Amino acid sequence: MQATTLSTLPPPLPERADGDFIIEARGLGKTYGSQPALVDFSVQVPPGTIGLLGPNGAGKSTFIKCLLNLETPTTGTARVLGRDIRAANRASRERVGYSPEQDCHIAGMAGCEYVTYCGQLSGMPMRVARQRTHEILDLVGMGQERYRPVDTYSTGMRQRVKLAQALVHDPKVIFLDEPTNGLDPSGREHILKLIGSLWRDLGISVVMSSHLLRDVERVCDRVIIIGNGRLLEHDSIVALKNRHRRIVELAPASEVERFVTVLTSTGAKLTRLSNGKLRVESESDSIEWILQLMRAHGLPPAEIVANPDALHELFIQSIGTAHGSQP
Ligand code: ADP
């Protein structure tokens, strides 16, 4: 196998103002030996909270590492915040935070010392880094433990300190690789709440990799689904759900029996759910036919929710397709 060097890659992209996209990748690829981990990956991602979703081994970490210049792509180009990923200078590091999947602390160092040190590495003066460290450790919910060596921390505390070191220098975007790994339900809830607030309250974009759909669905407004190193889907979660709404849940305000009669007469498959709602399956991707039917029969208002499981079905379907396409 011929080794690929930087010189075989396209020339650096001209810098441009960030704003529209936090990530722009064009034909990005990475092969380890003969193992393709990322294949012809092209995507333009606007600011917000983005889930990078895929099963273990899908290529999520590889994508993040290529974007952070921690791995050299075999093919293609990309920009993060408008800057070519190969620029990799101090200015790039100042605007980006990264919480890797593995522990990244320095043995023997207390949590607050470690986070301060990370702030300094990102260009902050010592005094500012120290002050900011305590603010960020408060934000991630760390108390007096901050004065203990990180080696003595629980998994939950380690995830918090990893998040703190990614945030200490006020980045514009942070990359979190499986930030809920190893957490118990309450630890997971706390960290997800915090992640969800970063864009909403502080304007920090988040790219969060996860193999757990429920985590992505809980905090992200967009999702990139990745399987076998390939981009399978990229859209807002709302749009993805709307694209897959052959199944809807209907909660009539009244006259449930008349809804049942009218809907059944169209040939739609109807199931009564234990919560009183009706699950309707049809051949249509739109809910317009239900609205028309309600108007035609003078039915009372009903709350119509596009398939609440749509993302799950899409995820399973995508992963299945990706595996099916494997040689
Ligand atoms: P994910 O983050 O989705 O779990 P990864 O990006 O870690 O996936 O891995 C994608 C593929 O690349 C996997 O098949 C993995 O075994 C392989 N891979 C990742 N890193 C290396 C490496 N340093 N050397 C060889 N193969 C690797």
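**Close-up views of a predicted model**

**View 1. Glu255, a partly exposed loop residue.** Glu255 is partly exposed, because its relative accessible area of 39% lies between the limits for buried and exposed residues, 20% and 50%. This residue belongs to the loop that runs between strand 11 (247–252) and helix 9 (256–265), and its phi is positive, about 55°, although Glu255 is not a glycine. Most residues other than glycine have a negative phi. As in every view described here, the structure shown is a predicted model.

**View 2. Glu178, a buried loop residue with a positive phi.** Glu178 is found in the loop between strand 7 (173–177) and helix 6 (185–202). With a relative accessible area of 2%, Glu178 is buried, and its phi is near 45°, which is a positive value in a residue other than glycine.

**View 3. The residues around the ligand.** The ligand is surrounded by Tyr32, Gln35, Ala37, Pro55, Asn56, Gly57, Ala58, Gly59, Lys60, Ser61 and Thr62. Sorted by class, this shell holds four nonpolar, six polar and one charged residues. Two elements, strand 2 (35–45) and helix 1 (60–67), each contribute at least two residues to the shell, and the largest share, three residues, is supplied by helix 1.

**View 4. Polar atoms beside the ligand oxygens.** Which backbone atoms lie beside oxygen atoms of the ligand, and at what distance? A polar backbone atom of Gly57 is 2.7 Å from an oxygen atom of the ligand, and a polar backbone atom of Ala58 is 3.0 Å from a ligand oxygen. A side chain also takes part in this view, for an N or O atom in the side chain of Ser61 is 2.8 Å from an oxygen atom of the ligand. Taken alone, the ligand exposes 560 Å², and the protein buries 61% of that area.

**View 5. Helix 1 and its surroundings.** Is helix 1 largely enclosed by the rest of the structure or largely open? Seven of its eight residues are buried, so helix 1 is largely enclosed by the rest of the structure. The buried residues of the helix are Lys60, Ser61, Thr62, Phe63, Ile64, Cys66 and Leu67, and among them Lys60, Ser61 and Thr62 also appear in the list of residues around the ligand. After the helix comes Asn69, whose phi is positive, near 65°.

**View 6. The aromatic pair of Phe41 and Phe63.** A search of the whole structure finds one aromatic pair. The pair is formed by Phe41 and Phe63, and it is tilted, with 4.5 Å from centre to centre and 40° between the planes. Phe41 lies in strand 2 and Phe63 in helix 1, so the pair ties together parts that are 22 residues apart in sequence. Both partners count as buried, Phe41 at 0% relative accessibility and Phe63 at 1%.

**View 7. Val96 and its contacts from elsewhere in the chain.** Val96 has its place in strand 6 (residues 96–99) and counts as buried at 15% relative accessibility, because buried means under 20%. When its neighbours within four places in sequence are left aside, Val96 is in contact with Leu68, Val80, Leu81, His169, Pro171, Val173 and Phe175. The C-alpha atoms of Val96 and Asp170 are separated by 8.4 Å, while the two residues are 74 residues apart along the chain.

**View 8. Ser205 and the backbone of Gly48.** Ser205, placed in strand 8 (residues 205–210), counts as buried at 2% relative accessibility. Its side chain reaches the backbone nitrogen of Gly48 at 3.1 Å. Leaving aside neighbours within four places in sequence, the contacts of Ser205 are Ile22, Pro47, Gly48, Lys172, Val173, Ile174 and Trp199.

**View 9. Ala239 in helix 8.** Ala239 lies in helix 8 (residues 237–243) and is partly exposed, with a relative accessible area of 26%. Computed along the sequence, Ala239 and Arg222 are 17 residues apart, and in space they are 9.0 Å apart from C-alpha to C-alpha.

**View 10. The protein as the setting of the close-ups.** The secondary structure of the protein comes to 11 helices and 14 strands, and buried residues make up 49% of its 327 residues. Among the contacts with a separation of 6 or more, 69% join residues that are 24 or more positions apart. The protein exposes about 15600 Å², of which carbon and sulfur atoms supply 52%.

Note on methods
Residues are numbered from 1 along each chain as its sequence is written. This is a predicted model: local features need pLDDT of at least 70, side-chain atom pairs count only at pLDDT 80 or more; totals for chains, interfaces and linings use all residues. Side-chain values use heavy atoms; hydrogens and water are left out. A residue is near a molecule or strand if one of its heavy atoms lies within 4 Å of it. A polar contact is a pair of N or O atoms within 3.5 Å; within protein, one must be able to donate a hydrogen and the other to accept it, and residues adjacent in sequence count only if both atoms are side-chain atoms. Accessible areas come from the Shrake-Rupley method with a 1.4 Å probe; for residues, only the protein chains shown count as cover. Helices (H or I, at least four residues) and strands (E, at least two) are DSSP runs, numbered from the N terminus. Ala, Val, Leu, Ile, Met, Phe, Trp, Tyr, Cys and Pro count as nonpolar, Asp, Glu, Lys and Arg as charged, and the others, Gly among them, as polar. Buried means under 20% relative accessible area, exposed over 50%, partly exposed in between (1.4 Å probe, protein chains only). Contact means heavy atoms within 4.5 Å. Rings of Phe, Tyr and Trp (its six-membered ring) pair if their centres lie within 6.5 Å; planes under 30 degrees apart count as stacked, over 60 as edge-to-face and the rest as tilted.
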